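Please open the model in your viewer and keep the selection panel at hand. We will go through it one selection at a time.

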Amino acid sequence: MSSASFRNGSGVSRGGAMKIDNYNPKYSPSSSSSSSFKSKMQHSTASSGLRRCSPGSIGTSRDDSAVVSGRVRVAVRLRPRNAEEMVEDADFADCVELQPELKRLKLRKNNWDSDTFEFDDVLTEFASQKRVYEAVAKPVLESVLDGYNGTVMAYGQTGTGKTYTLGRLGKEDTADRGIMLRAMEDILEEVSPENDLVSVSYLQLYMETIEDLLNPSNDNISIVEDPKNGDVSVPGATLVEIRDHMSFMELLQLGEAHRYAANTKLNTESSRSHAILMVHIKRSVKGKNPSLSSENGSITLTGKTLKPPIVRKSKLVIVDLAGSERIDKSGSEGHTLEEAKSINLSLSALGKCINALAENSAHVPVRDSKLTRLLRDSFGGTARTSLIITIGPSPRHRGETSSTIMFGQRAMKVENMLKIKEEFDYKSLSRKLDMQLDKLIAEHERQQKVFQDEIERIASEAQNRVAEVEQNYADALELEKLKYQKDYMESLKKLEEQWTIKQENHGHQKFKIGPSDNGIHQMSNAESPMLSASEEVVQIKKKLQNETLLRKDAEAETDRLKSESTHWKKTEAARNAELVKLRKMLEDQACQKEKLEDELSLLQSQLLQISSDADEVKREQLRDTGDGERASMAKLFEQVGIHKILSLLEAEDADVRIHAVKVVANLAAEESNQERIVEAGGLTSLLTILKNSNDETIHRVAAGAIANLAMNELNQELIMSQGGVSLLSLTANRAEDSQTLRMIAGAIANLCGNDKLQAKLRAEDGIKALLGMVRCRHPDVLAQVARGIANFAKCESRASSQGSKNGKSLLIEDGALPWIVLNANNEASPIRRHVELALCHLAQHEVNAKEMITGGALWELVRISRDCSREDIRTLALKTLKSSPSFVAELKRLRIDHG
Ligand code: ADP
Ligand code: MG
């Protein structure tokens with residue numbers, strides 16, 4: 001289990017290391033508590049990170065520079081005059097006057113004088129229960145539903161409306177419902193009955209004894225503290241699961257019936273006991289990647305189903321405190337003085353703790369009472385806390401009202417460090433990769449099938465064509481042959497006939513010539529065969545010519561057929577060549593497939609590694625929440641290898657890239673990994689992804705990683721030499737998310753602390769980039785800007801005192817002074833501290849004095865030297881003032897004593 005922590009949104013730890021944190025914009029001090037609940041819920045981001053976290057709590061010595069006003073919110077509520085006051089105080093004005101629009105309360109001292117106090121909210125006697133709920137409890141509730149712990153607490157004199165505010169059931173009039181009921185209604189609306197669990201215990205603390213309001217026989221419950229993380233629990237208390245509104249209403253009634261109520265003079269319903277309602281919420285956080293879960297709820301790669309793994313546990317505590325009036329006045333009857341002391345012990349211990357926290361005292365007496373132990377997390381701890389102080393209007397109780405107001409004022413100074421608990425989602429990364437692989441495999445298979453089908457089609461087509469051509473050729477040849485045979489036979493027949501005729505004619509002639517000597521006869525007889533023979537010759541010649549022509553035709557036809565045949569043969573050869581080519585392509589594809597398969601199996605083995613590492617992380621986390629996780633991370637680092645992880649930064653799938661950059665960022669958060677990341681080219685990869693990506697999450701996470709790497713001097717030079725500053729300021733210009741700006745400002749702030757880079761940083765507009773980011777007024781961003789300016793001023797001051805710099809401060813030249821002066825008294829202490837230091841550094845050099853005087857910085861220095869709560873800064877400011885001749889002269893001129 002890892003803890004994502006922030007102090008009201010700031011994840012800056014002592015060394016300036018940036019963590020990739022959950023940031024919930026609704027808790028910036030400026031956020032209005034009345035804006036819509038639903039829309040705010042959508043804002044909550046759910047990125048997670050691995051980190052160490054020391055549990056902040058009452059009594060932990062706190063690092064000022066890392067706290068951004070995650071302070072306790074305090075509202076004041078005025079009860080309307082009751083019947084008795086209407087009569088008895090009829091002639092007197094109320095002792096308080098409210099100015100709700102200014103969030104101010106005036107407490108009358110007498111007719112002509114009053115003190116004014118500011119609160120986070122001022123609720124008049126007309127304020128509805130709904131409005132009170134929304135102002136006081138709703139911000140806490142949203143936090144609780146997001147996985148943080150939360151506290152809502154009412155403090156005030158008996159009879160001023162604490163129970164009215166918190167515990168009213170509103171049975172007759174639903175508009176009267178108090179905070180407890182309304183909170184549960186919102187919780188039940190938000191949680192899912194299948195995946196989430198809501199359970200409640202209800203306790204009473206009276207005379208340092210904790211009783212179970214749900215089981216009165218259980219009357220001595222002890223508090224258990226986890227020595228590792230400081231978590232406080234009451235395992236002995238009855239825990240009832242709540243599924244619907246009615247069962248909770250019944251439970252509250254049961255508790256109320258059991259509640260010990262000691263009658264007092266002031267109000268017979270009032271109570272000297274503290275009532276504590278604890279609501280435990282366990283939510284499974286899934287669906288961070290809805291497309292993944294809906295598309296394939298149970299992808300199996302290794303044979304086991306990978307499930308979404310995140311669970312968040314949070315606790316809402318609602319405390320109806322005992323009356324704050326002094327015991328002698330309320331006169332709890334039937335108690336000895338010792339008992340009376342014990343009755344008020346818890347409440348006075350709470351007052352002492354709050355005083356100590358408000359004054360930043362090193363010792364907070366949290367162990368002095370059961371109440372302060374139970375509320376360890378609520379003041380100065382990790383919970384979001386809202387306090388409502390209730391007061392009455394009667395001038396007769398002016399003293400009590402005044403002390404209630406002072407309690408509220410002090411509580412407003414208490415700062416908490418919010419903390420969320422959730423796991424890093426390795427499984428989802430692994431599932432993403434898994435899906436990508438599956439997609440690739442399927443696509444490959446599909447392509448192969450299409451390719452084979454195509455080849456088969458072409459081959460069969462070619463075969464058909466060849467067969468067809470062969471058949472045509474054979475048919476044509478056969479026809480020709482038959483024709484020639486027929487012609488030949490006919491020619492033979494004709495010749496035979498002629499020959500027979502000739503033979504006949506020949507025989508006849510012999511017979512005639514033999515017996516006759518007549519010349520004329522002979523003449524005529526001799527002439528006639530001569531004639532027929534020459535005719536015959538002519539005929540034969542004609543026939544021969546005919547034959548020759550026919551033969552020529554046949555030859556031409558043969559040639560034509562021959563050429564057609566060669567043409568088909570050529571076509572066939574071309575088809576064969578195509579076939580060979582296709583075969584070759586097939587072989588290539590097979591080869592490529594083999595390669596892809598190799599790659600796949602490599603990726604699969606990496607995946608297996610990652611998921612087994614994730615399992616390992618889980619197992620180790622069960623055993624040891626801090627070190628195991630780091631060890632697993634290191635293991636992952638070694639086994640998967642930074643090169644592989646970095647190569648995933650270029651993955652096609654955007655989600656894979658985001659996951660990969662988160663892994664790199666979390667690795668970079670560990671100093672021991674940084675060198676290897678940089679050696680493997682990680683810094684360059686991060687700068688590249690910053691340049692090429694348009695995704696804000698990637699920008700934020702990558703900038704966070706760069707900020708972490710920028711803690712090291714060598715890396716700082718590397719970042720500068722790779723154009724990192726202009727890249728960061730370009731990203732800052734495009735950024736919308738304040739956390740992105742915080743990371744970028746943090747990175748530049750780290751660069752500002754490097755003596756060697758001062759001139760270059762300034763030349764590349766680093767200071768201007770830093771100042772540009774104040775457009776986002778988020779205190780986390782401003783704190784980083786202030787840190788950067790302080791770092792820069794410190795380096796300048798060092799250079800000046802070593803004589804390597806003579807001119808005016810580059811910060812002043814780049815126009816930083818107005819912002820510095822404006823924020824020198826910023827209410828957020830990290831911003832204020834850094835700016836105060838920057839002012840002291842700047843003031844050490846006489847060249848800056850003139851500008852500082854005209855810019856109003858001198859006044860701030862004087863204020864710091866007088867009012868700064870940190871003695872070292874105060875002393876430094878005073879020393880600086882005294883050592884500058886210009887300042888001394890100016891103060892003298894204005895007759896201001898600064899000694
Ligand atoms: P507490 O718990 O501080 O002792 P209660 O809540 O019991 O005070 O209030 C005392 C009386 O004043 C009750 O009768 C309650 O109904 C009434 N009361 C308190 N606050 C209001 C309010 N805002 N409007 C009307 N009546 C109130
Ligand atoms: Mg009460």
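This tour visits a ligand site and then two pairs of packed helices. Keep in mind that the model is predicted.

**Stop 1: the ligand site**

Start by selecting ligand 1 together with the residues around it, which number 13. Which of them come nearest? They are Gly 159, Gly 161, Lys 162, Thr 163 and Tyr 164. Now colour the shell by residue class: you should find seven polar residues, four charged ones and two nonpolar ones.

Next, show helix H4, residues 162-167. With three residues, H4 gives the most to the shell around ligand 1.

Zoom in on the oxygen atoms of the ligand and draw some distances. At Lys 162, a polar backbone atom sits 2.8 Å from an oxygen atom of ligand 1. For Thr 163, the partner is a polar side-chain atom, 2.7 Å from an oxygen atom of the ligand. Tyr 164 again uses the backbone, with a polar atom there 2.7 Å from a ligand oxygen. Taken on its own, ligand 1 has 550 Å² of accessible area, and the protein covers 77% of this.

**Stop 2: H22 and H25**

Hide the ligand and select residues 738-752, helix H22, along with residues 779-801, helix H25. How do their axes cross? The angle is roughly 10°, and the axes come within 8 Å. An angle under 35 degrees counts as roughly parallel, so H22 and H25 are roughly parallel to each other.

Show side chains to see who makes the contact. On H22, look for residues including Leu 741, Arg 742, Ala 745, Gly 746 and Ala 749. On H25, the contact residues include Val 781, Gln 784, Val 785, Gly 788 and Phe 792. By class, the residues of the H22 contact with H25 are eight nonpolar, seven polar and three charged.

**Stop 3: H30 and H32**

Finally, select helix H30, residues 857-867, and helix H32, residues 885-893. Their axes lie 12 Å apart, and the helices pack at an angle of about 85°. Angles of 65 to 115 degrees count as roughly perpendicular, and H30 and H32 are therefore roughly perpendicular to each other.

Which residues make the contact? From H30 come Leu 858, Leu 861 and Val 862, and from H32 come Phe 887, Glu 890 and Leu 891. Coloured by class, the contact of H30 with H32 shows five nonpolar residues, one charged and no polar.

Definitions and conventions
Residues numbered from 1 in each chain as written. Chains lettered and ligands numbered in written order. Predicted model: local features only at pLDDT ≥ 70, side-chain atom pairs only at ≥ 80, totals over all residues. Heavy atoms only, no water. Near = heavy atom within 4 Å. Polar contact = N/O pair within 3.5 Å; in protein donor to acceptor, adjacent residues only side chain to side chain. Areas by Shrake-Rupley, 256 points an atom, 1.4 Å probe, with all protein chains shown as cover. Helix = DSSP H or I, 4+ residues; strand = E, 2+ residues; numbered from the N terminus. Nonpolar A, V, L, I, M, F, W, Y, C, P; charged D, E, K, R; others polar. Axes fitted to C-alpha atoms, helices over the stretch in contact; angles between N-to-C directions. Parallel < 35°, antiparallel > 145°, perpendicular 65-115°, else oblique. Contact = heavy atoms within 4.5 Å.
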